[in-house]
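User: I am new to this structure and would be grateful for a close look at one part of it. Please examine the nonpolar core and set it in the context of the whole protein.

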Amino acid sequence: MANGVFGQPAHVLEKHMRTASLTLTDQSSNENTIVAQGLKRHDPELLDQLIVQYQHRLLRYLLYLTGNRETAEDIFQETWMRVLKRGDQFNGKSRFDTWLFTIARNLVIDVRRKRTMSSLEAMREAGEDGRSFDVAADGPSPFDSYQTSENGQRVADALLTLEPLHREVLVLRFHEELSLEEIAQVTRSPLSTVKSRLYRGLSALKPRIVAAEAVGEGGTR
């Protein structure tokens, strides 16, 4: 019989892993239910807790999406106002952060439409046709490299040079750790389109980080 780590039979470890996964899923479901119930009651203490828990992630997402701190902060405030007013629309069947980012994204679209008469979706890059791409797994992504080096500012700067729709998917996937399915829900896009944007975003990001590193190394010599 094959043994796993610590000498335990592999089938026992697999059973424990499945049990742990189900437990985490149950816990997440219970938390979502509690949040949904609290929002329906317009519980001010719950809202304060949610703001503390998600404020940094929400503001970071908005900064990357808008590229402007003043605009991001205005939409940040409006997002929480929407959460307070429309909390009864959250049914607890999905993660709260997915619902939160959806609200924020819709507000960004509204702002863009008012200022430029075009929506975020109107900025579809040339050649985007909804084809499905699989991101290669034969090497670290630029975000993996970022996690293991003092390269955070270069990654952040490079992100801001990408197409907004590419940038958004990368931020949601790697910063906010949403699944591809959850990103599709936030962006209201087909899963194939999300995969395409992720692939194209990673492809565009890597050479820009490499170029920034070369400039940085040249300046320190």
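**The nonpolar core and its surroundings**

Analyst: In this predicted model, helix α8 is followed by R188, a residue whose phi is positive, near 55 degrees. Helix α8 itself spans residues 180-187, and its buried residues are E182, I183, A184, V186 and T187.

Helix α8 also leads to the subject of the request, as it is among the elements that give two or more residues to the largest nonpolar core. That core has 44 residues. The other elements that give two or more residues to the core are α1 (10-40), α2 (44-66), α3 (69-85), α4 (96-116), α6 (152-159), α7 (164-175) and α9 (191-220). The largest share, nine residues, comes from α2.

Within the core, the residues with the most contacts are L39, W80, V83 and F96. L39 merits a closer view. Leaving aside its neighbours within four places in sequence, L39 is in contact with L46, L50, V83, G87, D88, F90, F96 and W99. Two residues in that list, V83 and F96, are themselves among those with the most contacts inside the core. In soluble globular proteins, nonpolar side chains tend to be buried together.

The wider setting is as follows. The protein contains nine helices and zero strands. Of its 221 residues, 38% are buried. Among contacts with a separation of 6 or more, 68% join residues 24 or more positions apart. As for the surface, the protein exposes about 13100 Å², of which carbon and sulfur atoms supply 52%.

Technical notes: Residues are numbered from 1 along each chain as its sequence is written. This is a predicted model: local features need pLDDT of at least 70, side-chain atom pairs count only at pLDDT 80 or more; totals for chains, interfaces and linings use all residues. Side-chain values use heavy atoms; hydrogens and water are left out. Buried means under 20% relative accessible area, exposed over 50%, partly exposed in between (1.4 Å probe, protein chains only). Helices (H or I, at least four residues) and strands (E, at least two) are DSSP runs, numbered from the N terminus. A nonpolar core is a set of buried Ala, Val, Leu, Ile, Met, Phe, Trp, Tyr and Cys residues joined through side-chain atoms within 4.5 Å. Contact means heavy atoms within 4.5 Å. Accessible areas come from the Shrake-Rupley method with a 1.4 Å probe; for residues, only the protein chains shown count as cover.
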